[in-house]
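Thanks for coming. I have one structure to go through today, and I will keep to a few helices and their surroundings.

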Amino acid sequence: MNKNENTKTGVTMEKIVSLAKRRGFIFPSSEIYGGFGAIYDYGPYGVELENAIKAAWWKTMVQKRPDIIGLDSSIFMHPKIWQASGHTTGFADPLAECKKCNARVRIDHLLEDIDVFADEKMSEEEINELFNQHKTKIKCPQCGKSDFSDAKKFNLLVKANLGNFNDDWSKEPTYLRGETCQGIYVNYKNVRDTARVKIPFGIAQIGKAFRNEIAGRQYVFRTREFEQMEMQYFTHPDEEMKEYEKLREARWAYYKELGIKGENLRWSKHKNLVFYAKEAYDIEYNYPFGFKELEGVHARSDYDLSQHMKFSGADLTYTDPHTNEKYTPHIIESSVGVGRTVFAVMCDAYTEEEIDDGDSRVVMKFNKKLAPIKVAVFPLLKNKPELVKKAREIFGALSEQLMCEFDDNGNIGKRYRRQDEIGTPYCVTVDFDTLENSTVTVRDRDTMKQERVAVSELVGYLGT
Ligand code: GAP
């Protein structure tokens, strides 16, 4: 299969990238300067989609959960945190270069493609040994040849000089956080002591993370700056696996609620667990290049808090108020990228349809909750001030409750096509009858059927 063409879903990378650019969802960063590797900007509809996804996640994870509370920790943290977490030493990807075309490739990914799994803990020598055993079966994704340099491991943390005014700051760097959850671990005691929570409880946060990704050629799937939505749940050691199963169920239900097609989602169990993990599953989505990790749901044992106790000297143990039992809480986590969710939701919504007279349309069938624009308001004719005035009035009223767009450009058919491509569930047209009887035409994105609805009933009809 072409790496960027999913023959099962029919959704290609090119179609998504082109629509996302053309319609203002996602732009390459710094485009007027020729772009900037593996960084993307979210345009007017992209930011709405991101916000809707983050709101849905927060509602499920925090609002509806009495046992989970929110946090917003900083991007910069004490550099020792990254030693405690193992990121300064272990957070490295094995990179090799194709000797024919100079493409940089991730060895662990190429091995994975032929069902050989490298362990994150493997040294450079070990990974090269494994690579050498299978080298002949591996082809460069860029030129198809099979001639690679040895692999070298590159650390993914992004270094910075925050608060360090020496020229040789890189010897004692600070770091842009490589994952948001470390901010949760180091605030665990503050939250526990102030939010009156008892174990089991969780802390959730949404925020930026940074990684010096080597091969950033998978659009917003793997970027160097990205946003994570992470929830860390603190449990009694004996309850960890029971809570883990509950979390897995909850995360699966969340994606079904988002309306992601069941056939495009699957669980994938980690074959090589990091040494401290009890169990690890990923939820994978069927992207244009096949099933790949959307979210990780992992049982992390007491590793994180134990490491932070060791490196900080702080006591992060928990004493059960009823039994007086003292223990180090075990953690289960759910971690997903906003960008990977946007990408999955866009692929899932992308639909090409034949319509009347051999015509066709592209329509983004987003779940209505996630659609960037919930309703578009059109005056039938741009040059009739009374229609424009009425349409503006209706826009003003609806936009109190919903993200709306006003459009008076081009003929109605063209306006519908544009709204279809950005996935707007409803279009409201103000015509001469509106001035007579206070009704409008509401056109449904999916059925394309039109109905006359009283202006006074619009909000209810549009489903707020
Ligand atoms: N705290 C655990 C953690 O960070 P991870 O598997 O490295 O685990 C979790 O990342 C999630 O963050 C992934 O499932 C993915 O959705 C997202 N993610 C990770 N690296 C990313 C990148 N370079 N670009 C976009 N999203 C990324």
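Gly-313 has a positive phi of about 80 degrees, and this residue sits just after helix α9. Bear in mind that we are looking at a predicted model.

Now α9 itself, residues 303-312. Which residues of this helix are buried? They are Tyr-303, Asp-304, Leu-305, Gln-307, His-308 and Met-309. What do those buried residues pack against? Their partners are two helices, α3 at 80-84 and α7, together with two strands, β10 at 225-235 and β16 at 330-337.

That brings me to α7, which covers residues 181-194 and includes Arg-192. Is Arg-192 buried or exposed? Its relative accessibility is 15%, and the cut-off for buried is under 20%, so Arg-192 counts as buried. Leaving aside residues up to four places away in sequence, Arg-192 touches Val-197 and Phe-201, and also Leu-316, Thr-317 and Tyr-318.

Last, a helix pair. Helix α1, residues 13-22, and helix α10, residues 338-349, have axes that come within 11 Å and cross at roughly 105 degrees. Angles of 65 to 115 degrees count as roughly perpendicular, so α1 is roughly perpendicular to α10. On the α1 side, the contact is made by Met-13, Ile-16, Leu-19 and Ala-20; on the α10 side, by Phe-343, Met-346 and Cys-347. How do the residues of this contact divide into nonpolar, polar and charged? Seven are nonpolar, with no polar and no charged residues in the contact of α1 with α10.

That is what I have; questions are welcome.

Technical notes: Residues numbered from 1 in each chain as written. Predicted model: local features only at pLDDT ≥ 70, side-chain atom pairs only at ≥ 80, totals over all residues. Heavy atoms only, no water. Helix = DSSP H or I, 4+ residues; strand = E, 2+ residues; numbered from the N terminus. Buried < 20%, exposed > 50% of the residue type's maximum accessible area, 1.4 Å probe, protein only. Contact = heavy atoms within 4.5 Å. Axes fitted to C-alpha atoms, helices over the stretch in contact; angles between N-to-C directions. Parallel < 35°, antiparallel > 145°, perpendicular 65-115°, else oblique. Nonpolar A, V, L, I, M, F, W, Y, C, P; charged D, E, K, R; others polar.
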